[in-house]
Amino acid sequence: MKKDSKTKKITKKDVKHIASLARIKLTEKEIKKFQKEFEAILSHFDKLGEVKTEGVTEISQVTGITNIMREDFAKEFLTQAHALQNAPKSKDGYIQVPSVLKKSE
Amino acid sequence: MKKTLEIENFTIKEIHEHLQKGKFSATELVQDSLARIEKYDVKIKAFLTVTDDLALNLAKKVDSKITKRIKLGSLEGIPYSAKDVFCTKDIRSTGGSKMLDNFYPPYDASVIKKVNEAGAILIGKTNCDPFGFGSSTENSGYFTSRNPFDIERVPGGSSGGSGAAVAARMGVFSIAEDTGGSIRQPSSFCNVTGIKVTYGRVSRHGSMAYGSSLDTVGHMGRTVEDVARILEITAGRDEHDATSADKPVLDYTELVKDDIKGLQIGLPKEYFPREGMDPEVAKTVRDAANTLDDMGCHIEEISLPHTEYAIASYYLVATSELSANMARYDGIRFGYSEKGGKELRELYERSRSEGFGDEEKRRILLGTYALSAGYYDAFYKKAMQVRTLIKKEFDEAFKRVDVILAPVAPTPPFKVGLHEGDPLSMWLEDAFTVTLNPTGCPGLALPAGFSKSGLPIGMQLIGPQFSEDLLFRLGYHFQKKTDFHKKLPSLIEED
């Protein structure tokens, strides 16, 4: 496996794109600031390219457990009032959201 | 009339003995904590929310139990605080972020439920870096907490409010969480004892998620004995957290008394670099090693060669995981919701842009980048492979030694504002703590000494998975031999 090459420079366009993926709107000032910071941070992360990782499996579950199952039965957990108590907008027991589908003319 | 009692260095056991004998009441005990908050918190700023009425009502019930000679729970009447990332039913829980400024959880986190059922009394929610993102509380959406040993300096983070509260004896212990050092580093900075448990030892249900394969729920207290006692209550399988371990909960307070002679302790040479490390920290930890040697342990040097890659690996894994966990803050079911937008995407973007602070945005963006198409292999996958190598290294080390001894932070507590404008330099403060969470192993941080100017320096004892009993045993005996943990901040001694 070829040695990992240095990460390419991150552009303002990249930052804007990532922000859009993360559903965050950034100001021009923020885009500039994050671009600068990411350059330093990513250049530190480049270090990982030095490590030989051919054939190394990735672990994310460090205590060796897999697929914990339980019986499928319903249980009381929250009342409807409790479940709605933090909703910014609710009506008739539903959480209200802006329209997702456009009305057809 | 709230007044303080002279119980600053009482353990939970001693407090209980005094309660049973009627030396003071639970109400007076709670009033002691509330009086300290009233007197010192304007300077220390440990608390976001103080639950005084609730606490006093619960204290009344405990006093009635004592009068009726009803058996007391193991934490009955003990005032405690909880880091604001824990859901406390109907009590404001902000996570340290403006995103949840108006959030009132409809349920208690499992750890909170357990501790309450054992009789402990919640006195308030402590300040922290938002969702755990930070090492000083300077990223909190509210304010920076201060170190009771020197209020120009940070208490550490992200559980800085908890560390400061326990140090200033506002409450007897604090429930907190550690994803990359967030319990251990503030414990070290505030001269208290804190446990980062094995991954899954304590349920994460109701703890606001940061990095789901790294997060651990633990606590901070005055002594190893107290910390052990609390873990007896909080540990165990929880049906609400599928990653919680099905391992038996040990009798930690009994096991601490076993002998420590002959235990093999490893000092990783990579944890004592010349660059970036304060020589007083290195000396303090080596002196602690000598003390353990005098007590009959065997010290040897070990090597953990992938230590230098731990920060990069950790931050890539952590930011990737948090970018997914932060997606739930969308202005729809809870949390900050911007009212001006007309359609869905606008609602998401505005709510998230206005509700999140800089550090939340920084980390979400990095994680999103690391997972995005074209970068996944170079970043996330690579970081996960390095994680495997770090874990293997620890497993190998534990074949040679029983426990690893290491510094917690490269310096004593730093001044507020030191890392302003340089987020990477703040991340580098975590060099000795982020190595642990990717392995799932437990780490016990405890006071090891002080700098010449009186600033706390802690150390950490690290063990194989589920070896908390071993760490407590060593720590307990160390605290019998030394009294660093008893030193109080001069701020509160000035009475």
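**Note on the predicted two-chain model**

1. Buried residues account for 30% of the 105 residues in chain A, and the reader should keep in mind from the outset that this is a predicted model. Chain A has three helices and two strands, which follow one another along the sequence in the pattern α-α-α-β-β. Where residues of chain A that lie at least 6 apart in sequence are in contact, 34% of those contacts join residues at least 24 apart.

2. The contact between the chains deserves attention next. It draws 53 residues from chain A and 73 residues from chain B, and the area buried between chain A and chain B comes to about 5,500 Å², with carbon and sulfur atoms giving 67% of that area. On the side of chain A, R23(A), L48(A) and V62(A) supply 12% of the area that this chain buries against chain B, which is more than any other three residues supply.

3. As for the polar side of the interface, six salt bridges are counted between chain A and chain B. In one of the salt bridges of this model, K25(A) pairs with E349(B), and the closest N and O atoms are 3.9 Å apart; the cut-off for a salt bridge is 4 Å. Across the interface of chain A and chain B there are also 22 residue pairs in polar contact, with both residues at pLDDT 80 or more.

4. The elements of chain A that give two or more residues to the side touching chain B are α1 (12-21) and α2 (28-45), and of the contributions to this side that of α2(A) is the most, with ten residues. Sorted by class, the side of chain A that touches chain B has 28 nonpolar, 13 polar and twelve charged residues.

5. Turning to the interior, the largest nonpolar core has 161 residues, among which F173(B) and F472(B) touch the most other members. Helix α13 (residues 377-400) of chain B provides the largest share of this core, namely ten residues. In soluble globular proteins, nonpolar side chains tend to be buried together. There is also a second, separate core of eight residues, which includes A176(B), C190(B), V192(B) and M220(B).

6. The surroundings of F173(B) can be followed residue by residue in the structure. When neighbours within four places in sequence are left aside, the contacts of F173(B) include I12(B), L75(B), I78(B), P79(B), Y80(B) and V115(B), and they also include A120(B), V166(B), M220(B) and I230(B). Of these, V115(B) is one of the buried residues of α4(B), together with S110(B), V111(B) and I112(B). The cover over the buried residues of α4(B) includes β2, β4 (173-178), β6 (216-221) and α7 (224-234) of chain B. After α4(B) comes G119(B), whose phi is positive, near 100°.

7. Is L100(B), in the loop between β2 (79-83) and α4 (110-117) of chain B, buried or exposed? L100(B) counts as buried because its relative accessibility is 2%, whereas the cut-off for a buried residue is under 20%. Beyond residues up to four places away in sequence, L100(B) touches S93(B), T94(B), F131(B), Y142(B), M208(B), Y329(B), F334(B) and G335(B). L100(B) and S337(B) are 237 residues apart in sequence, yet their C-alpha atoms are 9.8 Å apart in space.

Key
Residues are numbered from 1 along each chain as its sequence is written. Chains are lettered from A and ligands numbered from 1 in the order in which they are written. This is a predicted model: local features need pLDDT of at least 70, side-chain atom pairs count only at pLDDT 80 or more; totals for chains, interfaces and linings use all residues. Side-chain values use heavy atoms; hydrogens and water are left out. A nonpolar core is a set of buried Ala, Val, Leu, Ile, Met, Phe, Trp, Tyr and Cys residues joined through side-chain atoms within 4.5 Å. Buried means under 20% relative accessible area, exposed over 50%, partly exposed in between (1.4 Å probe, protein chains only). Helices (H or I, at least four residues) and strands (E, at least two) are DSSP runs, numbered from the N terminus. Contact means heavy atoms within 4.5 Å. Buried area is the accessible area (1.4 Å probe) that two parts lose on being put together, summed over both. A salt bridge is a side-chain nitrogen of Lys or Arg within 4 Å of a carboxyl oxygen of Asp or Glu. A polar contact is a pair of N or O atoms within 3.5 Å; within protein, one must be able to donate a hydrogen and the other to accept it, and residues adjacent in sequence count only if both atoms are side-chain atoms. Ala, Val, Leu, Ile, Met, Phe, Trp, Tyr, Cys and Pro count as nonpolar, Asp, Glu, Lys and Arg as charged, and the others, Gly among them, as polar.
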